[in-house]
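Please look at the structure below with its sequence at hand. A short report follows on selected side chains and how they are placed.

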Amino acid sequence: MTLQRAIDSSPAGAAIEFQGGTCLLTKGLVLLGDRTYTGDSTTGTILKQDGPASYVLATRSYVDSSPATGDPLTIQDLTVACNGSGRTDGIIVLNWQTDVEHVDVSDCGGSGIVDTSAGASGRVITNTSVNSRFENNFISGSGQYGFEVIDPADAVTDGYLENNQIAGSGLDAVHLDNAGGWDISGNHLYNVAHSAIVALRLYGTTISGNYIEDFGSGQRSGTWYGIVGTAQDGNGSTIVGNKIFNDQGETAGARYVYLAITQANSGTGHVAVTGNVIMGDRAGDVGLSFAGGTAKLSATASGNAITGVGRPRAVLPGASVTAGS
């Protein structure tokens, strides 16, 4: 493949430009670290899946299941278009300080964008893969997650998911196995089949200013969340100024919780929940829910505007909730 040969022969530090138009890819492209990959614009440069593939773009460190994270790289100003078949992911990175900006990712049977500490073989890196940024992207029509963090270790932390639009996710719009140190802010999430934001292992995490139009769309059973997380022992997290609605309505038989911490994973988890706007759809809805489980959760909740729910706040075993100071 001409594009792959050009990438493989490029020197470190190179800027690789995909010229305008649509490029049909019969197999996924493998990206080297320490390079910038750029198109003319999101509408002007389209990399389109044209055959069975597990990904459209993936980094060499992921494909080779490297023992350590790959070098930084940038992907910008182009469209990644899956063909909707199989479990194809749009972009998979196993690199630290990755920067993905102004990229459209559409119609992937798997997840739209994946940041992972596990290579294609399942091998997990032995160091960290931190400080990546995913900003101003439009991810639509994902069969699995719109944006996904896969981290069986404690490696993919301290990233930024900001000002993205994520639409039409078959599962969760945003799903982080490890939300430690992440800033998840300013995103617009809609047409979500499962939960809008799932942020596990909160630790020094910020979830702020997100606009969630709907979640659990069309589900006839199960419990679905606007924002849901679990908390680690130690450094606390903030969930501030989010707008959580269910504009498409809710389905009988399912349960809807707008913002929840479902457990502390060990010790004492700390979280502050302030200034969120929640508008429920029916009497069975829960606005805020806090639980520690077998560990302890220490939460503050204040200044939240909650209407249209049957239960504005649920405090479950293991949790203590105050108004703060």
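The report covers a buried asparagine, the aromatic pairs and the cysteines of a predicted model.

## Asn-246 and its surroundings

Asn-246 sits in the loop that runs between β24 (243–245) and β25 (255–264). Its relative accessibility is 5%, and because buried means under 20%, Asn-246 counts as buried.

Two polar contacts involve the side chain of Asn-246. A polar atom of this side chain lies 2.8 Å from the backbone nitrogen of Phe-215. The side chain of Glu-250 is a further partner, at 3.1 Å. When neighbours within four places in sequence are left aside, the residues in contact with Asn-246 are Glu-213, Asp-214, Phe-215, Tyr-256, Tyr-258, Met-279 and Asp-281.

## Aromatic pairs

Across the whole structure, a search finds six aromatic pairs. One of them joins Phe-215 and Tyr-258, with ring centres 5.0 Å apart and planes at 85 degrees, an edge-to-face arrangement. Phe-215 belongs to the loop between β21 (211–212) and β22 (223–231), while Tyr-258 belongs to strand β25, so this pair ties together parts that lie 43 residues apart in sequence. Both Phe-215 and Tyr-258 are buried. Both also appear among the contacts of Asn-246.

Elsewhere, Phe-134, Phe-147 and Trp-182 are linked by ring pairs into a cluster. A charged side chain also meets a ring: Arg-133 lies over the face of Tyr-160, 4.3 Å from the ring centre.

## Cysteines

How many disulfides does the structure hold? There is one, and it joins Cys-82 to Cys-108 with an S to S distance of 2.1 Å. The torsion about the S-S bond of Cys-82 and Cys-108 is about 70 degrees, which means that the disulfide is right-handed. The two cysteines are 26 residues apart and link distant parts of the chain: Cys-82 is in the loop between β7 (73–81) and β8 (89–93), and Cys-108 is in the loop between β9 (99–106) and β10 (113–116). Cys-82 and Cys-108 are both buried.

Cys-23 takes part in no disulfide. The nearest cysteine sulfur to Cys-23 is that of Cys-82, 14 Å away, whereas a disulfide requires sulfur atoms within 2.5 Å. With a relative accessibility of 26%, Cys-23 counts as partly exposed.

Conventions. Residues numbered from 1 in each chain as written. Predicted model: local features only at pLDDT ≥ 70, side-chain atom pairs only at ≥ 80, totals over all residues. Heavy atoms only, no water. Helix = DSSP H or I, 4+ residues; strand = E, 2+ residues; numbered from the N terminus. Buried < 20%, exposed > 50% of the residue type's maximum accessible area, 1.4 Å probe, protein only. Polar contact = N/O pair within 3.5 Å; in protein donor to acceptor, adjacent residues only side chain to side chain. Contact = heavy atoms within 4.5 Å. Phe/Tyr/Trp six-rings, centres within 6.5 Å; stacked < 30°, edge-to-face > 60°. Lys NZ or Arg CZ within 6 Å of the ring centre and 35° of its normal.
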